[in-house]
Amino acid sequence: MTGVPASTAGGTGRAPAPGGKLGAAAVNQASLWNIANILTMLRLVLVPGFVMLLLADGGYDPAMRAWAWAAFAVAMITDIFDGHLARTYNLVTDFGKIADPIADKAIMGAALICLSYLGDLPWWVTGVILFRELGITLMRFWVIRHGVIPASRGGKLKTLAQGTATGMYVLALTGPLATLRFWVMAIAVVLTVVTAIDYVRQAIVLRRQGLAARRASQDPAS
């Protein structure tokens, strides 16, 4: 703030802070049809289209798989932007809280299951990743009354590794690139398991702290 009255600044008032008008509008107009939710819905709509492209002609048409990769890449990119927009401009809605994680897991789950169905990816890899994602989501709901488990740096690296590796498997790669994607997926699986263990540890600690705080608040002696 400059402390200069509008009348002494030529009657125009102070210039709004960067993003101020947009932020204020978002606070007043956060609804189902905001940009963050639209990106989330776009990601959900992309899932069936992605599956059809990936499985077209038995799943072995390089051109169709390239288009499938493009759809997958768009879904991953919108995942980054919708969360950023929702937090930055206060566009968080109940729909977004539910739909965003569903959209994330829908596109990744569809890709993994289709790749395993085509024989490109071992089923145990798909099982480990999907079991982890579902388990951690349920665990977050289990402890949510005690607090929120924040996304860790390891969790973000896991998401990046999973998206990169899965995208490489969607493409019809051969030679050294096919070998590289194997190692990228191996890193993704290791991060998937390691971060799952860390989240379980955090959930246990958070629940113990929450129960202890509740007992302390109910203790008349306190």
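**Exercise 1. A lysine in a helix**

Does Lys158 count as buried or exposed, judged by its relative accessibility? Find its helix and its contacts too.

*Solution.* Start with the ground rules. This is a predicted model: local features need pLDDT of at least 70, side-chain atom pairs count only at pLDDT 80 or more, and totals for chains, interfaces and linings use all residues. Residues are numbered from 1 along each chain as its sequence is written, and side-chain values use heavy atoms, with hydrogens and water left out.

Step 1. Take the cut-offs: buried means under 20% relative accessible area, exposed over 50%, and partly exposed in between (1.4 Å probe, protein chains only).

Step 2. Lys158 has 5% relative accessibility, so Lys158 counts as buried.

Step 3. Lys158 sits in helix α6. Helices (H or I, at least four residues) and strands (E, at least two) are DSSP runs, numbered from the N terminus.

Step 4. Contact means heavy atoms within 4.5 Å. Leaving out residues up to four places away in sequence, Lys158 touches Arg132, Glu133, Leu191, Thr192 and Thr195.

**Exercise 2. The whole chain**

State how many helices and strands the chain has, then describe its burial and contacts.

*Solution.* Step 1. Count the elements: there are seven helices and zero strands.

Step 2. Of the 222 residues, 36% count as buried.

Step 3. Look at contacts with a separation of 6 or more. Residues 24 or more positions apart account for 74% of these.

**Exercise 3. Two helix lengths**

Check whether the end-to-end distances of α2 and α5 agree with the expected spans.

*Solution.* Step 1. The expected span of a helix is 1.5 Å times one less than its number of residues.

Step 2. Helix α2 (residues 35-55) has 21 residues, so it should span 30 Å. Its end C-alpha atoms are 31 Å apart, which agrees.

Step 3. Helix α5 also has 21 residues and should span 30 Å. Its end C-alpha atoms are 30 Å apart, which agrees.

Step 4. Look for a bend in α2. A kink of about 30 degrees lies at Val47, shortly before the proline Pro48. The bend at a residue is the angle between axes fitted to the seven residues ending there and the seven starting there.

Step 5. Go just past the end of α2. There Asp57 takes a positive phi of about 55 degrees.

**Exercise 4. The inner face of α5**

Which residues of α5 are buried, and which helices do they pack against?

*Solution.* Step 1. List the buried residues: Val125, Thr126, Ile129, Arg132, Glu133, Ile136, Met139 and Val143.

Step 2. Look at the spacing. An α-helix has 3.6 residues a turn, so residues three or four places apart point the same way.

Step 3. Name the partners. The buried residues of α5 pack against α4, α6 and α7.

**Exercise 5. The core around Phe50**

Find the residues that touch the most other members of the largest nonpolar core.

*Solution.* Step 1. A nonpolar core is a set of buried Ala, Val, Leu, Ile, Met, Phe, Trp, Tyr and Cys residues joined through side-chain atoms within 4.5 Å.

Step 2. The largest core has 30 residues. Phe50, Leu54, Phe72, Ile107, Leu121 and Met185 touch the most other members.

Step 3. Two or more residues come from each of α2, α3 (62-88), α4 (94-117), α5 (123-143), α6 (153-170) and α7 (176-218). The largest share, seven residues, comes from α4.

Step 4. Another core, of eight residues, lies apart from it. Val143, Ala196, Tyr199 and Leu206 are among its members.

Step 5. Return to Phe50. Setting aside neighbours within four places in sequence, Phe50 contacts Ala68, Ala71, Phe72, Ile107, Ala110, Ala111 and Val170.

**Exercise 6. Aromatic pairs**

How many aromatic pairs does the whole structure hold? Classify each.

*Solution.* Step 1. Rings of Phe, Tyr and Trp (its six-membered ring) pair if their centres lie within 6.5 Å; planes under 30 degrees apart count as stacked, over 60 as edge-to-face and the rest as tilted.

Step 2. A search finds two pairs.

Step 3. The ring centres of Phe50 and Phe72 are 5.8 Å apart, with planes at 40 degrees, so this pair is tilted. Phe50 is in helix α2 and Phe72 in helix α3, 22 residues apart. Both Phe50 and Phe72 are buried.

Step 4. The ring centres of Phe182 and Trp183 are 5.1 Å apart, with planes at 80 degrees, so this pair is edge-to-face. Phe182 is partly exposed at 46%, and Trp183 is exposed at 53%.
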